[in-house]
Each structure stands twice: as structure tokens, then as C-alpha cells.
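Welcome! Let us take a friendly walk through a protein model, from its overall plan down to a few single residues.

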Amino acid sequence: MHAFTIAAASFAALTSLVQAAPHAHSHRHAHGIATRDDSTFDLTVQNNCATSKTFGLYQVSSSFEMTEMTDPVAIESNSSSVIQASFSAIGMRLSGTADQGCDGQWAAQTLFEFGYSAYSDLTGTAYDLSVMEGVADGEGIAAYPATSECESKVCTTLGCSLAASWTSADQTSDGSPADTVCYQGKQNFKVVWCPQ
Ligand SMILES: *[C@@H]1O[C@H](CO)[C@@H](O)[C@H](O)[C@H]1NC(C)=O
């Protein structure tokens, strides 16, 4: 049941990212290609949860194929690490369950989802949070773009607004308010697990 809910919501998020990005590069990147050049941006991942977690980037294709894009990185409680992400990739997710590999990506979890978006002469990153039914208590998530021009999103243990996060696939009927695009070119993001 959870797998269906997540797949449906992820599909909704992916679809809207693609629609918002008519000029996006839609080819899939091979494992490990998008590192250390000027087409990457920094995701500073802060783990404020009580225990160590393992983070990684994954890409979901339109046919739901899951590809691991970075080597998993373990981050201790109250510590952070920088993961580089391809600016031009779409269908991307930052997961805190990378210790479980690609197969674990279909289980309930909290995610930062993102992808390249272009509109007219503007470019940027489309992003949302996803907090699916069945996620362990207390595991909120927050995303902060480096520029104050773009919206921060925060989900605590108290919950999420519809504009902050996907919590149900039904949100497409409300216009997918959780999906946001930061049209400020390439910007870094800070993503916090278990924000206070
Ligand atoms: C992490 O920080 C919180 C809040 O300051 C603290 O309560 C907790 O004990 C810390 N965890 C570890 C493993 O140091």
C-alpha cells in the first residue's frame, strides 16, 4: 500500500517537474558522472536526528527506474556533510535511507526532491519535500535555498503545510502546492533532517 502511495506521489511530483521544465535535459546521467564541475551545486545535509543516517542521491526515470547517483555518505547525529548535485538533472531525490540502496527507495521516508527547470530565459531548480505516510515519528525535514528570493520549506514533528511538502498523492487536485521552482539560476541548498 505504501509503495503505491509513494509511487503515485513521486510520479505526480516528477510529472510536474517535467511540465515546468520544457527545456530540461531529459537524458539520464550515468552513475557518478555529475560531480566536480561547474554544472553542480552543493546540498549541505544536516542530520539533527538522534542517530546516524546514510544519505545519497537517486534519480527516478519517467518509467520509475531508480538509479543511485552518488556513493552513500553516513552523517552522525548533529553533523553535516556536503553532497554535490547535478544542476541539469531532473527527477532527483536526496534520501536519508541510502544504506538500503535503490530497493529501499520505495519505502516510506522523508525526501528532498529536485530537478532542473527552465522557463523563458530563466533557469533554476524545482524542489519539494515529501513526507510519506508511515515515516518514523519525529523525522521532519526542512529545505533552505541559499537565496532568500526562494521559499524555504519546513516540516517538523508537528506536521507540514500543503505548500511545504507532499504528504499525499491527492495533492495534485489542489494544484500541487508543494512544488516550487527557484528561478535564480544555480543555487545551493541546505537540507535538514529532524529540524527542531
Ligand atoms: C544533538 O543535539 C541535541 C540538541 O542540542 C541534543 O539534545 C542531542 O543530545 C545531540 N545528540 C548527540 C548524539 O550529541
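The report below starts with the whole chain, turns to confidence, and ends with three residues.

**The overall plan**

Please keep in mind that this is a predicted model. The protein contains one helix and 13 strands. Read from the N terminus, the order of the elements is α-β-β-β-β-β-β-β-β-β-β-β-β-β, so the helix comes before the strands. Of the 196 residues in the protein, 42% are buried. What share of the contacts between residues at least 6 apart in sequence join residues at least 24 apart? The share is 71%.

**How confident is the predictor?**

The average pLDDT of the protein is 80, and 74% of the residues score at least 70. Where is the confidence lowest, and where is it highest? The lowest mean, 40, belongs to helix α1 (residues 2-19), while strand β4 (residues 73-75) has the highest, at 98. Across residues 1-37 the pLDDT is below 50. That stretch has 76 contacts in the model beyond near neighbours in sequence.

**Three residues to look at**

Now find these residues in the structure. The table shows where each one lies and how many other C-beta atoms surround it.

| Residue | Place | Other C-beta atoms within 10 Å |
|---|---|---|
| Phenylalanine 64 | loop between β2 (53-60) and β3 (66-68) | 12 |
| Leucine 158 | loop between β10 (153-155) and β11 (165-166) | 7 |
| Cysteine 194 | segment after β13 (189-193) | 22 |

Which of these residues are buried, and which are exposed? A residue counts as buried with 20 or more such atoms and as exposed with 12 or fewer. Phenylalanine 64 is therefore exposed, because its count is 12. Leucine 158 is exposed too, because its count is 7. Cysteine 194, with 22, is buried.

Two of the residues deserve a second look for their backbone angles. Most residues other than glycine have a negative phi. Phenylalanine 64, however, has a positive phi near 65°. Cysteine 194 is not a glycine either, and its phi is positive at about 60°. Phenylalanine 64 has this angle in the loop between β2 and β3, whereas cysteine 194 has its angle in the segment after β13.

Leucine 158 offers a distance to check. How far apart are the C-alpha atoms of leucine 158 and glycine 140? They are separated by 8.5 Å, and the two residues are 18 residues apart along the chain.

Note on methods. Residues numbered from 1 in each chain as written. Predicted model: local features only at pLDDT ≥ 70, side-chain atom pairs only at ≥ 80, totals over all residues. Helix = DSSP H or I, 4+ residues; strand = E, 2+ residues; numbered from the N terminus. Contact = placed C-beta atoms within 7 Å. pLDDT = per-residue confidence, 0-100.
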